[in-house]
Amino acid sequence: MSDLFGVTIDELLRSDEALTKKVIKDGRQLAYPKLKFTFDVLFLIGVILLVIKLAFLALNKFAELDLALYGGSFIWNFGPLILMVGAGIGSSIVKEKYKEG
């Protein structure tokens, strides 16, 4: 459209305040998709680790097995919590950045 009228995009947008705000809002929405995806993946990894831990606990209790989780108890006890809380905090920061910008 700017080529058609021989003006810059900036000049086109300056004339319409609502359009300018919409373009800025849409641009911000697309600015952080990879970061949001990363936080979503981290949260899901935390959930998966928690489900694995609970499955091992259930098998050991009800099937009277003696299965061990590799990697140490700290990773299995606090890893899912750290991942899920960290991903939640990061996701909320990205959300606030989107609202502000």
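**Exercise 1. Which element of the chain has the lowest mean pLDDT, and which the highest?**

Begin with the nature of the model, which is predicted, so that local features need pLDDT of at least 70 and side-chain atom pairs count only at pLDDT 80 or more, while totals for chains, interfaces and linings use all residues. Residues are numbered from 1 along each chain as its sequence is written, and side-chain values use heavy atoms, with hydrogens and water left out.

Next, recall that pLDDT is the predictor's confidence in each residue, from 0 to 100. Across the chain it averages 81, and 73% of the residues score at least 70. The chain holds five helices and zero strands, where helices (H or I, at least four residues) and strands (E, at least two) are DSSP runs, numbered from the N terminus. Among these elements, helix α1 (residues 2-5) has the lowest mean pLDDT, 60, and α4 has the highest, 91. Where pLDDT is low, the predicted coordinates should not be read in detail.

**Exercise 2. Find the salt bridge of the structure and describe its two residues.**

A salt bridge is a side-chain nitrogen of Lys or Arg within 4 Å of a carboxyl oxygen of Asp or Glu, and a search of the whole structure finds one. It joins the side chains of lysine 36 and aspartate 40, at 3.2 Å from N to O. Both residues lie in helix α4, four residues apart, which is about one turn of the helix. For the surroundings, buried means under 20% relative accessible area, exposed over 50%, and partly exposed in between (1.4 Å probe, protein chains only). Lysine 36 is partly exposed at 43%, and aspartate 40 is also partly exposed, at 33%.

**Exercise 3. Describe the setting of lysine 53.**

Lysine 53 lies in helix α4, which covers residues 33-62. Lysine 53 is buried yet has no salt bridge, and the nearest side chain of opposite charge, aspartate 66, is 12 Å away; here Lys and Arg count as positive and Asp and Glu as negative, while His and the chain ends are not counted. Setting aside residues up to four places away in sequence, lysine 53 touches Leu69, Trp76 and Asn77, where contact means heavy atoms within 4.5 Å.

**Exercise 4. How exposed are phenylalanine 74 and phenylalanine 78?**

Start with their position: both lie in helix α5 (residues 73-100), four residues apart, about one turn of the helix. Phenylalanine 74 is exposed, with a relative accessible area of 54%, whereas phenylalanine 78, at 40%, is partly exposed.
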